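Here is a short report on a protein structure. Please keep the sequence and the 3D view open while reading.

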2 protein chains.
Amino acid sequence: MTKWLDGPATEEDVIISTRIRVARNLSKYKFPSRMSVEESDDLTDDILNTMKDTLANNYKFMRIRDLNPREQLVYVEEHLISPSMLRTKDKSSFLVKDDEKATIMINEEDHIRIQTLSPGLNLKESWEQCSLIDDELEGELDYAYDEKWGYLTACPTNVGTGLRASVMLNLPCVSMTGNINTIIEGLRKVGLTVRGIYGEGSEALGYLYQVSNQTTLGQSEEETIDKLNRVINQIISRERSTRNYLKGKDPLKLEDKIFRSFGALTHSRIINSKEAMEHLSNVRLGWAMGLIKNNNLKDIVKLMIDIQPAKIQERFDSEMTEEERDIARAGIIREFILNMEG
Amino acid sequence: MTKWLDGPATEEDVIISTRIRVARNLSKYKFPSRMSVEESDDLTDDILNTMKDTLANNYKFMRIRDLNPREQLVYVEEHLISPSMLRTKDKSSFLVKDDEKATIMINEEDHIRIQTLSPGLNLKESWEQCSLIDDELEGELDYAYDEKWGYLTACPTNVGTGLRASVMLNLPCVSMTGNINTIIEGLRKVGLTVRGIYGEGSEALGYLYQVSNQTTLGQSEEETIDKLNRVINQIISRERSTRNYLKGKDPLKLEDKIFRSFGALTHSRIINSKEAMEHLSNVRLGWAMGLIKNNNLKDIVKLMIDIQPAKIQERFDSEMTEEERDIARAGIIREFILNMEG
């Protein structure tokens, strides 16, 4: 199961995980979209060569084109690489750290994208980890950097710090009351974006939302991290107070919702991804509120990843139709919860 | 819990229960609707007096006006008396046999209505039991009877045999496929009626349907019973073959439905009557098909009665709002199933 979720996590009653990534490019190469496969192989060799002493020891290297389509999707579902990596399969590759908490993507939209992942809210430390890797690379490689504009990137929206910091939140209660819409509107006004669990263009699954900075220009990395951290803490307060409000106003209605979700997860024989994610989100809420007492439920986030389409097919090592996956998903969930209770 | 459901039952994978009633009137009294309270008391005394040696030993006598409104409804929900008994509360009374399998209602729509109840499909024997009581009463009382028309009744639809034979069926599978509509249409064409669980005008709860004869004129009691028996057996075949068809076609979809209902019943904290009945109907199907192996589930029919509004309030000896009952209902169901599993 997804290793990067292991370890201590803070604010985990509301926060699922934290992700930091920086976009970097090398001055002597064209941007990935304009590169030939040969040039991209040269770039890749260049990066690997530079890194062989410092980073490569704890990292596993993989080229997208050497993975079968299912394996490629598994890495995406585990959040170790971004979906965009699969747009240019011939040119893209990545290094993933043994503990999965860091990935260096080569030839995604930019030459280099460094990503750090951690469970819970961990913006500052995660940024420091990312920055450390970035410094090591920058020591060896000639980054495309402009005194006025900062780091140059393939897409203008990343120019400047090249930093995107994202936090994944479980917001069932502000979703139930409908306040989520006001929150999303407010976030947009302060230059933050809200996305679903699998990044750009993806729909919210369950009650999981990914909040990240939009701006990379005119503010330092520290300012970006601090600002996001402040806003995330406001959302945490809002979700917590809504939980308390709902618990005080109509405790049984909330319990009913949570336990019905638990009942559906432990009894269904066919379940699609959307429904499963919603119930898992509710059950995680029940665990966070102390209504379902079982600390293993912390791992429900791993289960959320394990029931994604490619992960299911990887587990059974077979190509499956949507219906077959819905059946397998129900089984995986039941097994997880039964083992958990045992 | 409802005693009349005890004892052996046939065809119980589909059939919940059998009910027979005959309507009788005494020639020297006006029909109940035209009677004063005094006259109805005279009639009641007359009947009780006549019966004191033969029947009264094993029967308990009650006047509706001596029961509080909740007690009155409990008898209705247990099917021991008909809802119409509560229309003329001052004039109506009843005798209920110790094993609850027979009731004699005084001043319902007619002076006398004899009812026998039994679990499963039991038309012939139930009719014989009813007829035996009828014979005993007829030996002592002067029934309004016409050579040409048969037994005279307050409502012309009962004139003739005065017999209504009803069977309660659990038809989840023909309901799921939508075939229930064709069946209902067909039944109407052969002079049978289909009603919900609480008689005339009541909506189908869960997948429970009550099928009974419409005609009381121009055919003997035996013909009525035989015809209904034949048709009921056809419906049983139809439901069973549909169960096998669905099991063969998509076993997991059926299992999914049944186990999700089981999950909802064991986990909900608030549940209304309609939803509970539907899930209980599905779970009974699961038991009948051997998917949920627990013979105590036979008593789910008793549970169906125990979660009706007045029964719930009787159990807690308190007046409850609809919401309070929905909460209590969820608790009663969970308790029943947890005890069952223990």
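## Start of chain A

A:Glu11 is partly exposed, because its relative accessible area is 29% and the partly exposed class runs between 20% and 50%. The residue lies in the segment before E1 of chain A. Its phi is positive, at about 55°, although A:Glu11 is not a glycine. Note that this is a predicted model.

Strand E1 of chain A covers residues 15-24, and A:Val22 is part of it. A:Val22 is buried, with a relative accessible area of 1%. Between the C-alpha atoms of A:Val22 and A:Glu275 there are 33 Å. Along the chain, these two residues are 253 residues apart.

## A second positive phi, in chain B

B:Asn107 also needs a look. It has a positive phi of about 60°, and it is not a glycine. B:Asn107 sits in a loop of chain B, between strand E4 (102-106) and strand E5 (112-119). Is B:Asn107 buried or exposed? At 0% relative accessibility, B:Asn107 counts as buried.

## How the two chains relate

Chain B can be superposed on chain A with an RMSD of 0.0 Å. The operation is a turn of 180° with a shift of 0.1 Å along the axis. That is the relation of a two-fold axis.

Which residue of chain B comes closest to the rotation axis? It is B:Gly263, with its C-alpha at 2.2 Å.

## Helix H3 of chain B

H3 of chain B runs over residues 123-140, 18 residues in total. At 1.5 Å a residue, the helix should span 26 Å. Its end C-alpha atoms are 26 Å apart, so the model agrees with the expected value.

Several residues of H3(B) are buried: B:Leu123, B:Ser126, B:Trp127, B:Cys130, B:Ser131, B:Ile133, B:Asp134 and B:Leu137. Seen down the axis of H3(B), the buried residues fall within an arc of 165°, so they line one face of the helix. On the other side of H3(B), B:Leu132, B:Gly139 and B:Glu140 are exposed.

## Helix H7 in both chains

In chain A, helix H7 spans residues 251-267. It has 17 residues and reaches 24 Å from its first C-alpha to its last. That is close to the 24 Å expected at 1.5 Å a residue. Buried residues of H7(A) include A:Leu254, A:Asp256, A:Ile258, A:Phe259, A:Phe262 and A:Gly263.

In chain B, the side chains of B:Arg260 and B:Asp256 meet in a salt bridge, at 3.1 Å from N to O. The two residues are four apart in helix H7 (residues 251-267) of chain B, so about one helical turn separates them. B:Asp256 is buried, with a relative accessible area of 10%.

## Salt bridges

Side chains of opposite charge can pair when their charged atoms come close. Over all chains, a search of the whole structure finds 48 salt bridges.

A:Glu319 and A:Arg70 form one, at 3.4 Å from N to O. This pair links distant parts of the chain, 249 residues apart. A:Glu319 is in the loop between helix H10 (309-316) and helix H11 (322-341) of chain A, while A:Arg70 is in helix H2 (residues 69-77) of chain A. How do they sit relative to solvent? A:Glu319 counts as exposed, at 61% relative accessibility. A:Arg70 counts as buried, at 17%.

A:Arg243 and A:Glu239 make another salt bridge, with the closest N and O atoms 2.7 Å apart. Both residues are buried. They are four residues apart in helix H6 (residues 221-249) of chain A, so about one helical turn lies between them. Chain A also holds a network of salt bridges that links A:Glu78, A:Asp306, A:Lys311, A:Glu314 and A:Arg315.

## A nonpolar surface patch

A:Trp149, A:Leu152 and A:Leu217 form a nonpolar patch on the surface. Together they have about 260 Å² of accessible area. A:Trp149 lies in the loop between strand E6 (145-146) and strand E7 (150-151) of chain A. A:Trp149 is partly exposed, with a relative accessible area of 42%.

Terms used: Residues numbered from 1 in each chain as written. Chains lettered and ligands numbered in written order. Predicted model: local features only at pLDDT ≥ 70, side-chain atom pairs only at ≥ 80, totals over all residues. Heavy atoms only, no water. Patch = residues over 30% accessible without salt bridge, like charges linked within 9 Å, V, L, I, M, F, W, Y side chains within 5 Å. Areas by Shrake-Rupley, 256 points an atom, 1.4 Å probe, with all protein chains shown as cover. Salt bridge = Lys/Arg side-chain N within 4 Å of Asp/Glu carboxyl O. Buried < 20%, exposed > 50% of the residue type's maximum accessible area, 1.4 Å probe, protein only. Expected span 1.5 Å × (residues − 1). Arc of directions from axis to C-beta. Least-squares fit on C-alpha atoms with pLDDT ≥ 70 in both.
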